[in-house]
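Q: Could you take me through one part of this protein slowly, as if I were seeing a structure for the first time? I would like to follow a single region and the residues around it.

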Amino acid sequence: MKLIAAITLGLFVTACDEAYAQSYDYSYDKAHVTVAAGHGPLTDASGMTLYTFDNDTAGVSNCYDSCAASWPPYLAETGMPAPGDGFARVARQDGTEQWVKDGAPLYLWVGDAAPGDMTGDGVGDVWHIAK
């Protein structure tokens, strides 16, 4: 008798659990997820992810030539206002100006094809998403 009661209870719990799980959709669409201000990846005005380079020093870019071909610097155009708090301009060796955030020079990554892509994070263990 106890065995029958235990089996019946087990079937009931399993059925309830499956019904409960099916009644809620736990998936989410990344396009509708909002990142709290100041806590997500930095992007340029087009929504492309910005990166930092471990081999840079505060306010000094060390990415030129073939490095800059793969990791274009986030350039500051003349007269362009700072995109936010903590941003400043630094002069590059080639005469252009690059945006820095809290002293870290910022870059784009040629491997990112669309806004929101973050494929450059961790490349060579020296490239990271800017936050």
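A: Let's start with the largest nonpolar core of this predicted model. This core has 9 residues in all: Tyr51, Phe53, Cys63, Ala68, Trp71, Tyr107, Trp109, Trp127 and Ile129. Two elements, strand E1 (51-53) and strand E5 (127-129), each give two or more residues to this core. Another core, of 8 residues, lies apart from it, and Tyr74, Phe87, Trp99 and Leu106 are among its members. In soluble globular proteins, nonpolar side chains tend to be buried together.

Now pick out one member of the largest core, Cys63. With a relative accessible area of 0%, cysteine 63 counts as buried because that value is under the 20% cut-off. Cysteine 63 also forms a disulfide with cysteine 67, and their sulfur atoms are 2.0 Å apart. A search of the whole structure finds 1 disulfide. The torsion about its S-S bond is about -105°, so this disulfide is left-handed.

From cysteine 63 we can step to serine 61, whose side chain reaches the backbone nitrogen of cysteine 63 at 3.3 Å. You will find serine 61 in the loop between E1 and helix H2 (66-70). Serine 61 is buried too, because its relative accessible area is 4%, again under 20%. Its side chain makes a second link worth finding: a polar contact of 2.8 Å with the side chain of arginine 92. If you set aside neighbours within four places in sequence, serine 61 is in contact with Asp56, Arg92, Gln98, Pro105 and Tyr107. Look back at the core and you will meet Tyr107 there as well.

Definitions and conventions
Residues are numbered from 1 along each chain as its sequence is written. This is a predicted model: local features need pLDDT of at least 70, side-chain atom pairs count only at pLDDT 80 or more; totals for chains, interfaces and linings use all residues. Side-chain values use heavy atoms; hydrogens and water are left out. A nonpolar core is a set of buried Ala, Val, Leu, Ile, Met, Phe, Trp, Tyr and Cys residues joined through side-chain atoms within 4.5 Å. Buried means under 20% relative accessible area, exposed over 50%, partly exposed in between (1.4 Å probe, protein chains only). Helices (H or I, at least four residues) and strands (E, at least two) are DSSP runs, numbered from the N terminus. A polar contact is a pair of N or O atoms within 3.5 Å; within protein, one must be able to donate a hydrogen and the other to accept it, and residues adjacent in sequence count only if both atoms are side-chain atoms. Contact means heavy atoms within 4.5 Å. A disulfide is a pair of cysteine sulfur atoms within 2.5 Å.
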